[in-house]
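Here is a short briefing to read alongside the model. Please keep the ligand in view, and have the backbone torsions to hand for the second part.

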Amino acid sequence: PVNVVVAVDGTSGSGKSSTCRAVADRLGLRYLDTGAQYRAITWWMLREGVDVHDAEAVAARAGEPVLVSGTDPLAPSITVDGVDVSVEIRSDEVNGAVSPVSAVPAVRSRLVDLQRALIGTGGIVVEGRDIGSVVWPQAELKVYLTADPAARAARRALENGGADLTATQESLLARDKIDSGRAVAPLTMADGAVHVDSTDLTLDEVVELVVGLVMERV
Ligand code: C5P
């Protein structure tokens, strides 16, 4: 499946990253985490002291930071102005600011251009919220990955070294609400997407399922 594009969208904490990385590794494809790009631009806005709730202020500076995404599924990376921010973009501060920043049209159009350029001639698994609906509607496979909020919070809290479950769930649901309700490119199941509910599946089971769906289509 050398030139295939696999678009995986879904709610926060549904297992998109782990699934996409494993699927890309299995099939010899590249991997693009578009959420990391939205997080990186948010990290930069916070560092610059931009008020992330002021959409005009965010839009005015959206073109400034230089973002570079590494697409190796075994070692994904993201740099802003040459600095690797892979760790910093997972902070509570970024978690709390990324959805308002992502709702700004100037931020989205800039990152969508970047994403399309990276997808290029294909051979990639791309995860986000609007990949199948906006960025690459012609993807050979579109997956809409979800899970119950409690399951998502449990997974995310475990990843974050046993963070508080209630607070983690609240943070996930707050992001879902903004991501689904925004005017531009809201989180939604794209036309032709396959809905996969991972609540009662292991990571391996989800990976098998998605690999099988790719193989059916190429
Ligand atoms: O996927 P992740 O949870 O890291 O994404 C962080 C945030 O980035 C999302 O909550 C959403 O606000 C934004 N995002 C987006 N469009 C994408 C990917 C992420 O708006 N394609």
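Helix 2 contributes the most to the shell around the ligand, giving 4 residues. This is a predicted model, in which local features need pLDDT of at least 70 and side-chain atom pairs count only at pLDDT 80 or more, while totals for chains, interfaces and linings use all residues. Residue numbers start from 1 along each chain as its sequence is written.

**Around the ligand**
- The ligand is surrounded by 13 residues, each with its C-beta atom, placed from the backbone, within 6 Å of the ligand.
- The closest are Gly35, Tyr38, Ser102, Gly128 and Arg129.
- Two or more residues each come from helix 2 (34–47), helix 4 (92–102) and helix 8 (165–181); helices here are DSSP runs (H or I, at least four residues) and strands are E runs of at least two, numbered from the N terminus.
- By class, the shell holds 2 nonpolar, 6 polar and 5 charged residues, where Ala, Val, Leu, Ile, Met, Phe, Trp, Tyr, Cys and Pro count as nonpolar, Asp, Glu, Lys and Arg as charged, and the others, Gly among them, as polar.

**Positive phi outside glycine**
- Asp81 has a positive phi, near 50 degrees, without being a glycine, and sits in the loop between strand 4 (77–80) and strand 5 (83–84).
- Asp81 is partly exposed because 13 other C-beta atoms lie within 10 Å; the cut-offs are 20 or more for buried, 12 or fewer for exposed and in between for partly exposed, with C-beta atoms placed from the backbone.
- Ala185, not a glycine either, has a positive phi of about 50 degrees and lies in the loop between helix 8 and strand 8 (194–197).
- Ala185 counts as buried because it has 20 C-beta neighbours inside 10 Å.
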